[in-house]
Amino acid sequence: MKDYLNYIKEAKRVEIIARSIDCTVRFFCNFIRSSDKSLFFTKPTNKYAEFNYPKGQTLELYIYTANGVFRLKCRLESCENQQCELLLPQSVDKIQRREFIRVGLKVKTIINLKTPTYTKNIKTDSKDLSANGIRVILDEDISKYDKNIELSILFPDNIIKTRAKLIKVKPTVINSTTYYETSLSFITSNKRDVDFIVKKCFEFQAQQRKKLLDKNFKGDNNV
């Protein structure tokens, strides 16, 4: 699938995932150029982790384009002077990731905000959730804490803890009061956490479908 090269130049977002036995870390970067043997990106960043991997490390790339999402598996060739070179991919797939499944699942959530002088905890509920991120409605704009956000998502049978990247804050008025619709992306969740949240999202989706079918069935019986 070589057509990814036609779209990668206009990539809206590039996500690089580095996996180890006990941790999965997401990094973000921008595409620079390609050559006959390599792809070049800006040095991947994560506010809580340093991109420091050996030559030959296999990395998983998700290239978000106007024509869909391309998943590439590449080996790292070098990373210096704020530029990383990855060898042309061993495999390329055009995909729809399970993490894209976003549902209106309400889960108790604690947002931990840190500054050099104090720590603040905000207790809230998720408005919607995916394995890649969460959206909440808050009383305040937390943009100034962008570099120091940690989440605890309190499922009844599990607690997911991860550092988070602030994606967007959108003021919204509800009953004449201004609130802040806040979107956060998970950046240190591991594969087990991702699989757990995906499972919960699918279960919620199935429950909602069943409720709709039951409602329609009762409606038909009342005709």
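In which sense, parallel or antiparallel, do strand 11 and strand 14 pair, and over how many bridges? In this predicted model, the two strands pair in the antiparallel sense, and six bridges hold the pairing. Within this pairing, I134 stands opposite L184 of strand 14. Strand 11 is also joined to strand 10, with which it runs antiparallel, although here the number of bridges is three. The connection between strand 10 and strand 11 is a hairpin that passes through three residues, and L129 has I134 of strand 11 as its bridge partner. I134 is thus a residue that faces L129 in one pairing and L184 in another.

These strands also contribute to the interior of the model. The largest nonpolar core comprises 29 residues, and those with the most contacts inside it are I111, L129, I149, F155 and I197. Two or more residues of this core are supplied by each of strand 9 (108-114), strand 10 (119-129), strand 11 (133-138), strand 12 (149-155), strand 13, strand 14 (177-186) and helix 2 (191-221). Helix 2 provides the largest share, namely six residues. In soluble globular proteins, nonpolar side chains tend to be buried together. Leaving aside residues up to four places away in sequence, I111 touches K120, N121, I122, T124, V136, L138, I149, E150, L151 and L184. A second core, separate from the one just described, contains 22 residues, among them I8, F31, F51 and I63.

Strand 13 spans residues 158-174 and includes K170. With a relative accessible area of 45%, K170 is partly exposed, because this value falls between the limits of 20% for buried and 50% for exposed residues. When residues up to four places away in sequence are not counted, K170 touches Y179, Y180 and E181. The C-alpha atoms of K170 and I111 are separated by 17 Å, the two residues being 59 positions apart along the chain.

Aromatic side chains form a further set of contacts, and a search of the whole structure finds six aromatic pairs. In one of them, the ring centres of Y7 and F70 lie 6.1 Å apart with the planes at 20°, so the pair is stacked. Because Y7 belongs to helix 1 (residues 4-8) and F70 to strand 6 (residues 68-80), this pair ties together parts of the chain that are 63 residues apart in sequence. The two partners can also be described by their accessibility: Y7 is partly exposed at 30% relative accessibility, whereas F70 is buried, with a relative accessible area of 1%.

The rings of F31 and F41 have their centres 5.7 Å apart and their planes at 75°, so this pair is edge-to-face. F31 lies in strand 3 (residues 31-34) and F41 in strand 4 (residues 38-42), so the parts that the pair ties together are 10 residues apart in sequence. F31 counts as buried at 18% relative accessibility, and F41 likewise counts as buried, at 0%. In addition, F27, F51 and Y53 are linked into a cluster by ring pairs; of these residues, F51 is also included in the second core.

Charged side chains are placed over aromatic rings as well. R33 lies over the face of F40 at 3.9 Å from the ring centre, while the charged end of K165 sits over the ring of F28, 5.4 Å from the centre of that ring.

Conventions: Residues numbered from 1 in each chain as written. Predicted model: local features only at pLDDT ≥ 70, side-chain atom pairs only at ≥ 80, totals over all residues. Heavy atoms only, no water. Helix = DSSP H or I, 4+ residues; strand = E, 2+ residues; numbered from the N terminus. Buried < 20%, exposed > 50% of the residue type's maximum accessible area, 1.4 Å probe, protein only. Contact = heavy atoms within 4.5 Å. Core = buried A, V, L, I, M, F, W, Y, C linked by side-chain atoms within 4.5 Å. Pairing = 2+ DSSP bridges. Phe/Tyr/Trp six-rings, centres within 6.5 Å; stacked < 30°, edge-to-face > 60°. Lys NZ or Arg CZ within 6 Å of the ring centre and 35° of its normal.
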